[in-house]
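This report concerns a protein–DNA model, with attention to the protein surface that faces one of the nucleic acid strands. The structure is shown first, and the description follows.

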Number of protein chains: 2
Amino acid sequence: MTVSRVLNNSGRVAPETRLRVEQVIRELGYVPNALATGLFKGRTRTIALIVSDISNPFFTVIVRGVEDLAQRNGYTVVVGNSDESVEKERQYVASLISKRIDGLLITPAGNGSRRILEALGRRGSPFVLIDRDVEGVTADSVTGDNVAGAKLLTQHLIELGHRRIGFINGRRELSTSRDRQRGFEMALRERGIELNPVLIGDNAHRRDEAYRVAHQLLELPPEERPTALIAGNNVLVIGVIEALRSAGLAVPEAMAVVCFDDLELASALDPFLTVVAQPVRSFGTIAAQFLLERLNGEADVQPRRVVLTPELVVRRSCGAGLGPLVI
Amino acid sequence: MTVSRVLNNSGRVAPETRLRVEQVIRELGYVPNALATGLFKGRTRTIALIVSDISNPFFTVIVRGVEDLAQRNGYTVVVGNSDESVEKERQYVASLISKRIDGLLITPAGNGSRRILEALGRRGSPFVLIDRDVEGVTADSVTGDNVAGAKLLTQHLIELGHRRIGFINGRRELSTSRDRQRGFEMALRERGIELNPVLIGDNAHRRDEAYRVAHQLLELPPEERPTALIAGNNVLVIGVIEALRSAGLAVPEAMAVVCFDDLELASALDPFLTVVAQPVRSFGTIAAQFLLERLNGEADVQPRRVVLTPELVVRRSCGAGLGPLVI
DNA sequence: TTGAAAGCGCTAACAT
DNA sequence: ATGTTAGCGCTTTCAA
């Protein structure tokens, strides 16, 4: 019909006819059926965002950024929670393919995501990795420099005089965890501090595991016990603080604690931790930007990998922990 | 084709044919086109969730609950951010209608949402209100008992000896704010405490406004100054705490602070506030349940309104504030 | 048990 | 400047 031309501003329509059509559209409350358009065009102007935990403030900020940019560009965002499960990711991606979503933004659950993403790529759907890399997958990605971030935190503690630094790290499966651990170890080595494997509690999946691991570190004999703790992310640090509290240790008076990621709201509360902050919102917006560019065919063929630089935010002296615990 | 019958388990298909079809489906990596199905059936197995701020942990928990339940029932969730703007809501709903989303869950931005929701209802799309009511709209809804919650907080403070209680409340436009203020005033009246309008700072939209309002209350002459503050929600309370900190007042030693809503992560930090906690996750899951029931035609015609009971969580004595500030 | 026809609402290409 | 045709991929109905 002529209606289509009016709605899309395509082709010539007599001004008078246009007005008449617009009038009727308003009267009828007519809304075009995007399913039919999508069916015909093969595009739905919908993108998907799969995060591993939507109730984690870190990912929340990403969601917000993505939603914002998508909305401004006329795209709708479908949000999925993978719960760090590759299986749930698979289900999601299947549903997205079925619904002919134009592209995907994802914080992959692990290296197992590789096959899923490859399958998606084979269908011609562009996707962008956020926060984490997947071994063997080459695609647009927006991540932080986790090696550098871990070095910043570690160096900070070392400069304050700490020598026995505990590290409570996240899932080994994640590139972020691996990189952070690498940065930690590098920083120690550069300063000539011997790495004590006992002080590394890695592969903590959740807050309660961080709690447990922190407790283990506290039970070390005094001469081995850490004077400072680095938590691998914003969730683990809560478990760490809870463990310290239950042990009657004040932060940072009795134990220095630093961590990755800044929580906007929590940063107003106590303890004001020294953290390595990442420009998280940019993770989302840049990734969305990349995806939209690909969808518009504006992007080069070769993948772009952006690594954003983290920043040390010193909120409170972490040197204090040295006192009571150093024998 | 016979393929459709195989995929939907409808009609008779020879076992042998079925196997052959399944084989080919696997070989081709065939995925049915949900757009075509939706176009024909008029249903998309997609629901939308519009919240006012997806980076607010309160709503985040709702998103999580909704996503969870939807996923388990084979539905996809489209998430939108209204930023407390009715205009953005309108745009979203238009896009959702166009995409033939089956139903909507919404934390409405205000009474202006009424027209939008009525229009949606006229199209036959079911929707469920979450957390907030809209004047003049009758629909399924899941909310908290905000009058009761405010009374709990106020009574708690009164019992601890506070008489001058400040109230920093959220947007007047929201039913939650109005109800909370009503509960606050009722509790005062019931205990025979005269209401001092000066102590009510209402209509704070954001954290910085709460900060400003709290500062105003602190600048009152000593004999009028509050000894305790109630913050209208989890975001405003941060502003309040920041204001107290900048004024050098410890919480709760120098000033009692209580608020609505419990933040899972922040609750592990200092100050451990006494709060009225709501079963927020249930807001999402119950609302989603209602919506899905309607979509399945299982629900009665008359709207169901669920009001969930809040609970006082006492984390730290709020009586302490009485000391220094009471002249 | 399987196939053929028609139509869901849209748009690109081709008439008129 | 407008209308007609055909087809995107599916499902329902009816026929074989």
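Four helices each supply at least two residues of the surface near DNA strand D: H1 (2-8) and H3 (34-41) of chain A, and H1 (2-8) and H3 (34-41) of chain B. Here a residue is near a strand if one of its heavy atoms lies within 4 Å of it, and helices are DSSP runs (H or I, at least four residues) numbered from the N terminus, strands being runs of E of at least two. H3(B) gives the most to this surface, with 4 residues.

The model is predicted: local features need pLDDT of at least 70, side-chain atom pairs count only at pLDDT 80 or more, and totals for chains, interfaces and linings use all residues. Residues are numbered from 1 along each chain as its sequence is written, chains are lettered from A and ligands numbered from 1 in the order written, and side-chain values use heavy atoms, without hydrogens and water.

Of the 17 residues around DNA strand D, those that come nearest are Arg5(A), Arg12(A), Ala14(A), Thr17(A) and Tyr30(B). Sugar or phosphate accounts for 75% of the strand D atoms within 4 Å of the protein, and bases for the rest. The table lists polar contacts (pairs of N or O atoms within 3.5 Å).

| Atom of DNA strand D | Protein partner | Distance |
|---|---|---|
| Phosphate oxygen | Ala14(A), polar backbone atom | 2.6 Å |
| Base nitrogen | Ala36(B), polar backbone atom | 3.5 Å |
| Sugar or linking oxygen | Thr37(B), side-chain N or O atom | 3.3 Å |

Chain A contains 12 helices and 12 strands, and its C-alpha atoms fill a box of roughly 90 × 40 × 30 Å along the principal axes.

Terms used:
A polar contact is a pair of N or O atoms within 3.5 Å; within protein, one must be able to donate a hydrogen and the other to accept it, and residues adjacent in sequence count only if both atoms are side-chain atoms.
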